[in-house]
Amino acid sequence: MLRRGSMALPPTFVPGFHDEEAVRKIKYNPLGNTGLLVSHLSFGGGPLGGRNTYGEFEEAQGIAAVQEAIKKGINYIDTAPWYGQGRSEELLGKALKDIPRQAYYIGTKVARYETDPHKMFDFSAEKTLRSVDHSLKQLGLDYVDVIQVHDIEFAPNLDIVINETLPTLQSVVAAGKAHYIGVTGYPVSLLKQILERSNTKIDTVLTYTRDTLIDDTLKQYLPFFKEKGLGIITAAGVAMGLLSNSGPMSWHPAPDNIKQVCAAAGKYCKERGVELGRLAMHYAISQPGTDTHLVGMNSVELLRSNIDILRNGLSDQEKQILQEVKTKYLDTIKPCHWENIEVNEYKKKIEKST
């Protein structure tokens, strides 16, 4: 049995397909009690949605990034119908069609769909079943490894997730269309609540921006998640662009005071020839307790940069700047989260248009 952090070859290794030397340099961790052994760095398919959410990109580059990532040993992929309203799943389908199915694990989601507030969320059994079938068609697959309820904080209440969405996903697993069930969301406290209340077995939790240079909320929940044997997936180590020299997209929900401090930190790094995003990524993937760290990628260049950080860490200069930027800027932001902001704005839009 492979130990956490073993450099031996994982079960997803396919002779003749993988770059064996590269695969042996990747760290693999057990995904909770699922039996899956996942790469410490995993492929976030959100940016493959492109358009207004993550910006445009060359489709060929996105496909090439997926294919190279798997060949180099990254073996977990995350996507959702919400990303580009299906574009992410569609592109993944194109990228994966010539790749051995044994070579990767993949997770997609249900419940979040369109940009229209009235059609954005649907936690019903009927929609959930249709969504799973549509995702499989888009991906060109017979099954996904993990099927997740997307952003549970937007549900009208947790009861519908517990009594309808999750039992429906249990039937999906029974039908062989998925192997494990997960829940995702920004408020880590809600993930804990649903785990305490659900009669459906939940195998994984996914949260984002909650174990970064500016917010370590996840750490206080890790003992509970570990005790439950859950696979723990984190995403957005750069806090959805906040922790980068170029800054976040205009839709970022963080309050202005957080954006201003992070922008000053980015300016400080840029003036010294250092990319804040690299510092943030290194910090995030170095935090203990998480099984895999999702990193959104849509180009080979970005993929190679992230693999370099994983393998080689930071230079002495980058380590120095990291300490300086933490002390001067990032450690001064308290509190540093945006819980309820998006949910409240969503509710206002619904109320305003009804």
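Here are some notes on the cysteines, one helix and the aromatic side chains of this predicted model.

1. Cysteines first. If you were hoping for disulfides, the count here is zero. Take Cys-269: it has no disulfide partner, and the nearest cysteine sulfur, on Cys-262, sits 11 Å away. Cys-269 is also buried, with a relative accessible area of 0%.

2. Cys-336 is in no disulfide either. Its nearest cysteine sulfur is again that of Cys-262, this time at 5.8 Å. A disulfide would need the two sulfur atoms within 2.5 Å, so this pair doesn't make the cut. Cys-336 counts as buried too, at 5% relative accessibility.

3. Next, helix α8, which runs over residues 188-197. Which of its residues are buried? They are Val-188, Leu-190, Leu-191, Ile-194 and Leu-195. Looking down the axis of α8, you'd find these buried residues within an arc of 160°, so they line one face of the helix.

4. What covers those buried residues of α8? The cover includes two helices, α7 (158-174) and α9 (222-227), along with the strands β7 (178-184) and β8 (204-208).

5. Still on α8, have a look at Lys-192, a residue within that helix's span of 188-197. Lys-192 lies over the face of Phe-224, at 4.8 Å from the ring centre. There's another such arrangement elsewhere: Lys-127 sits over the face of Tyr-113, with 4.4 Å to the ring centre.

6. On to the aromatics, where the model has nine pairs. One of them is Phe-154 with Tyr-346: the ring centres are 5.6 Å apart and the planes meet at 80°, so this one is edge-to-face. Phe-154 is in the loop between β6 (144-149) and α7, while Tyr-346 belongs to helix α14 (residues 341-352), so the pair ties together parts that lie 192 residues apart in sequence. Both Phe-154 and Tyr-346 are buried.

7. Tyr-221 and Phe-225 make a pair of the stacked kind, at 6.4 Å centre to centre with 25° between the planes. These two residues, Tyr-221 and Phe-225, are buried as well.

8. Finally, which residues join Phe-154 and Tyr-346 in one aromatic cluster? Phe-121 and Phe-123 do. If you're browsing the structure, Phe-154 is a handy place to begin: you can go from its edge-to-face partner Tyr-346 to the other members of the cluster, Phe-121 and Phe-123.

Notes:
Residues numbered from 1 in each chain as written. Predicted model: local features only at pLDDT ≥ 70, side-chain atom pairs only at ≥ 80, totals over all residues. Heavy atoms only, no water. Buried < 20%, exposed > 50% of the residue type's maximum accessible area, 1.4 Å probe, protein only. Helix = DSSP H or I, 4+ residues; strand = E, 2+ residues; numbered from the N terminus. Arc of directions from axis to C-beta. Contact = heavy atoms within 4.5 Å. Phe/Tyr/Trp six-rings, centres within 6.5 Å; stacked < 30°, edge-to-face > 60°. Lys NZ or Arg CZ within 6 Å of the ring centre and 35° of its normal.
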